[in-house]
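This report describes how the strands of a sheet are joined and how helices pack in one protein chain. The model is a predicted one, and the account starts with the pairing of two strands.

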Amino acid sequence: MADFAARYARAFADVVLAAGTPVDQVNAQLNDFLAALDEAADLRQALFNPALAADVRVRVIDALAPRLHLGREVRNFLAVLLRHDRMDAVQQIVAEYRAEVDRRQGISEVEVISARRLDADERSQMEQQVARLAGNRVRARFREDNGLIGGAVVRIGSTIYDGSVRGRLDRMKQELVAG
């Protein structure tokens with residue numbers, strides 16, 4: 001990740017948290033903007049066209065803001081990116097912003113890989129167990145891998161907890177070969 005992306009992300013997190021704007025609301029606005037950017041080639045052309053003056057491109061954001069219900073903080077953030085020719089890195093900066101806000105709020109991003117699809121109650125229980133393991137709140141992403149046979153693998157940052165049947169069998173195999 002580019003150093004400038006982290007700097008913009010930290011500054012935007014400072015603004016959002018100081019303003020007291022709900023983070024979920026800001027994330028929804030950013031999602032709407034990124035979706036519009038992804039779907040509309042003419043919008044991308046207008047915002048990424050260096051031949052257009054920054055003020056003209058900011059007016060495009062201003063015209064789009066009411067339709068996407070962009071709050072002042074998000075609108076100003078996008079204007080700053082345009083004025084500093086950083087709009088081409090908006091997705092990187094938004095991803096870094098989200099990670100920064102999570103860090104500040106004590107939320108760990110975790111991945112839970114299970115052998116089968118977990119229902120809502122199982123997901124909730126798994127999140128609670130993982131939160132105790134991580135020592136803070138977690139935002140869990142769940143996915144399935146039927147190659148695990150049973151159980152689950154949990155990834156918190158760079159630490160992996162393997163409670164899968166496949167993992168247990170692999171460990172038993174290593175012990176037998178070593179012994």
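## Pairing of E3 and E4

Strands E3 and E4 run antiparallel and are joined by four bridges. Within this pair, Val154 has Tyr161 of E4 as its bridge partner. Helix H7 packs on the sheet, where it touches E1, E2, E3 and E4, and the direction of H7 makes about 130° with that of E2.

## Order of the sheet

In general, the strands of a sheet pair through backbone hydrogen bonds, in either a parallel or an antiparallel sense. Here the sheet is open and has four strands in the order E2-E1-E3-E4, with mixed pairing. Strands E2 and E4 (159-162) form the edges, each of them pairing on one side only, and from one strand to the next the twist averages 20°.

## Strand E1 and its neighbours

Strand E1 (residues 107-114) has seven buried residues out of its eight, so this strand is largely enclosed by the rest of the structure; buried here means under 20% relative accessible area. Eight bridges connect E1 with strand E2 (residues 137-144), and these two strands run parallel. E1 also pairs with strand E3 (residues 152-156), in this case in the antiparallel sense and over five bridges.

Val110 illustrates both pairings, since its bridge partner in E2 is Ala140, while in E3 Val110 stands opposite Ile156. To pass from E1 to E2, the chain crosses through helix H7 (residues 120-134), and the resulting β-α-β crossover is right-handed.

## Packing of H2 against H3

Which description suits a pair of packed helices? It is given by the angle between their axes together with the distance between those axes. For helix H2 (residues 23-39) and helix H3 (residues 41-48), the angle is about 100° and the axes lie 5 Å apart. Angles of 65 to 115 degrees count as roughly perpendicular, and H2 and H3 are therefore roughly perpendicular to each other.

On the H2 side, the contact is made by Phe33, Ala36, Leu37, Asp38 and Glu39, which meet Ala41, Leu43, Arg44, Leu47 and Phe48 in H3. The residues of this contact divide into seven nonpolar and three charged, with no polar residue among them. The charged ones are Asp38 and Glu39 on H2 and Arg44 on H3.

How values were computed:
Residues are numbered from 1 along each chain as its sequence is written. This is a predicted model: local features need pLDDT of at least 70, side-chain atom pairs count only at pLDDT 80 or more; totals for chains, interfaces and linings use all residues. Side-chain values use heavy atoms; hydrogens and water are left out. Axes are lines fitted to C-alpha atoms, for helices over the stretch in contact, and angles run from 0 to 180 degrees between N-to-C directions. Angles under 35 degrees count as roughly parallel, over 145 as roughly antiparallel, 65 to 115 as roughly perpendicular and the rest as oblique. Contact means heavy atoms within 4.5 Å. Buried means under 20% relative accessible area, exposed over 50%, partly exposed in between (1.4 Å probe, protein chains only). Two strands pair if DSSP finds at least two bridges between them. A crossover is right-handed if, with the strands pointing away from the viewer, the path from the first strand over the helix to the second runs clockwise.
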